[in-house]
Every structure is written in C-alpha cells, then in structure tokens.
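The exercises below concern the contact between two chains and one helix that takes part in it. Each task is followed by a solution that goes step by step.

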Amino acid sequence: MDSDKTDDAALEALFSAGAANPAKPADEFLARLAADADAALPEPPGPARKPSGGSLLGGLSGLFAASGLSGAAALGVWIGFVMPDLVTDVSLLGEETAGISAFLPDADLSVFSE
Amino acid sequence: MDRTPASDAPDAALLVAYANGDSAAGRDLLSRLAPRLFGYAARVLGDHAEAEDVVQETMLRLWRIAPEWRQGEAQVSTWVYRVAVNLCTDRLRRRRTRGQVDIDAVAEPASDMASAVEAMTEKDRADALQAALDTLPERQRQAVVLRHIEGLANAEIAEIMDIGIEAVESLTARGKRALKAVLSGRKEELGYENG
C-alpha cells in the first residue's frame, strides 16, 4: 500500500510536469488560425437594404398595403391613375345614386339626399 | 467599437462580438482557446501536426456556429473541447485500426517508479508521461489529460465527453492505474479494455 502511495505521488509529479510544460502552438500556426477567423468573419449587421429587384406592381402593392388599402382597391386606384379616361367614361353611364341602387335595391337611399 | 478588454470579457461575449463583425474579438478568443486546445490535442494524440489539424478544424467550426450561438446554453470552452475530443477520438480510432499504438514503444520503465521519477528532470518527466499516455485506451487517455493535465472538473469533463460523472471517475481511476503499471514495468496488469 505504501508503494502504491509512493507511485501515486510520483504520478502526480509527472502530471505536474506535463501541466507545466504544455505543447505550445507555433506562431505560424496561430497566424493561420487568425487568417481563418478573418476569412470566416460574418458581415456586421447594417441598416435594412432596399430590395434590389422586383416589379413596379410589387412595389406599388407594398405601398398600398402600408396605407391599408386592399388589393382590389389598390387595383382600382392604379387603373384610375394610369387610365383616367376609362374611369370618367364609367362615371358618365348614369347618376351615382342609380349606380348604387342597382347594387343595393332594398336600401333607403333618401338618407343621402340633401 | 467599444469593447470590454479581452482579459475581462467572457468567452461568449467575445464570440457574439465576433459574430457581429468584430474581428479583434475573434482574435482575442482565439488567443485564449487555441493554446489550450493545442496542448490538449498534442497530449492526447502525441503528434503536433495532427494536433494542429484538430485545433484548426475545431476553431473553424466555432466561427461557423458563431452567428447562431445562444449565450447561456453552453460554455464556449466546453463546446470547443467537446469538438476537439471527438476529432481526437476519430483520429485515435483510425490509428488503432492501423495498429500504431504499441505499448512496447514506451521507454523501458524503472522497477522503482518513484525513485526514477525523482531523478528525472522536468522535461524528462513530461516526456515519460507522454510516452505512458500514448499506451492508454483513447477514452482513458482523454479523461486523464482533461482531469490531471488540463485541470478540468469532473462535471465539465462529463459534459465534454457526453458521459456521467461516475464514468469520468472510473475512466480516470483506470487510467491512473494503467499509467502506474506502465511506468513501473507492470505492463502485464493492463487489461486494455477500451472505454
């Protein structure tokens, strides 16, 4: 048992020597590791970038979405913007109230009259 | 960029700074981890060139994982040790299948281990330890190096090696017995069961 304890102490001396004399990485190797780290460096987070592509319609739908308009309404505004003559022609088909009553036949439209 | 001095910043903070594009933080972390990993890998593998490969691959994996790193889930040092242990295990297993581990390659031990060690210089002791370590089964070798040379706690070793604390204690105890047997010329005592 004493011999075993002596061996334990000797082994501890070896461990201490091993811990005190670690293998050291070469400077060239550390430089290579640093180059690896730089090469793998993630892009720093920056401000949100504008989309590089996308159609004009896509851009407009985004604009309308931001203003709270539905897709159908957005399409109507778009048609009115690019083809104003067509909209004018439609409005000349009849009185506005007649146009509404066609869609709401049971509604009392007199409340709208002045 | 304002940054806590490297000596004070936790590893995880440096890793997060690196993930945000701070190359100096990466170098600080590298200077902290790479020498430790290299010392460990060189002890376990007994080969500096192979140790370099292991450390380089380990650090590359750390840089790749950096953007997804979640602070508090694991210690950076534990994570890199785990990667390095696995890489070393792969290499030791390949080496074993090629039959490179040779117990007779150890310098002939003295019959009185304590007296022999006492007479050794510091460098001779480190060399003798390396030669004896090279004869241990891979898991024992890794546990002994992490515990008795790297000075890690059993709980951290358990996490690194993905085993229980009792298994760590068993590995290190068997490893120490085997080292003493090798160093005192009682090679016949070695069972060489792996694990």
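**Exercise 1. Find the partner of A:R32 in a salt bridge, and place that pair within the interface.**

The salt bridge of A:R32 is formed with B:E52, the closest N and O atoms being 3.4 Å apart, where a salt bridge is a side-chain nitrogen of Lys or Arg within 4 Å of a carboxyl oxygen of Asp or Glu. Between chain B and chain A the count is four salt bridges, while a search of the whole structure finds 11 over all chains. A salt bridge also links the side chains of A:E12 and B:K176, at 3.6 Å from N to O. Because A:E12 lies in helix α1 (residues 2-20) of chain A and B:K176 in helix α9 of chain B, this pair joins two chains; helices here are DSSP runs (H or I, at least four residues), numbered from the N terminus.

This is a predicted model, in which local features need pLDDT of at least 70 and side-chain atom pairs count only at pLDDT 80 or more, whereas totals for chains, interfaces and linings use all residues. Residues are numbered from 1 along each chain as its sequence is written, chains are lettered from A and ligands numbered from 1 in the order in which they are written, and side-chain values use heavy atoms, with hydrogens and water left out.

**Exercise 2. Determine how much area chain B and chain A bury between them, and which residues of chain B supply it.**

Start with the total: the two chains bury about 3,100 Å² between them, 68% of it on carbon and sulfur atoms, buried area being the accessible area (1.4 Å probe) that two parts lose on being put together, summed over both. Of the area that chain B buries against chain A, 16% is supplied by B:Y18, B:Q56 and B:K180, more than any other three residues. Then count the residues: the contact (heavy atoms within 4.5 Å) takes 37 residues from chain B and 33 residues from chain A.

**Exercise 3. Describe the geometry of α2(B) from its N-terminal end onwards.**

At the N-terminal end, B:D22 caps the helix, with a side-chain oxygen 3.1 Å from the backbone nitrogen of B:A24. The helix, residues 23-45 of chain B, has 23 residues and reaches 30 Å from its first C-alpha to its last, close to the 33 Å expected at 1.5 Å a residue, a span taken as 1.5 Å times one less than the number of residues. A kink of about 30° is centred on B:L30, the bend being the angle between axes fitted to the seven residues ending there and the seven starting there. After α2(B) comes B:G46, whose phi is positive, near 65°.

Key:
A polar contact is a pair of N or O atoms within 3.5 Å; within protein, one must be able to donate a hydrogen and the other to accept it, and residues adjacent in sequence count only if both atoms are side-chain atoms.
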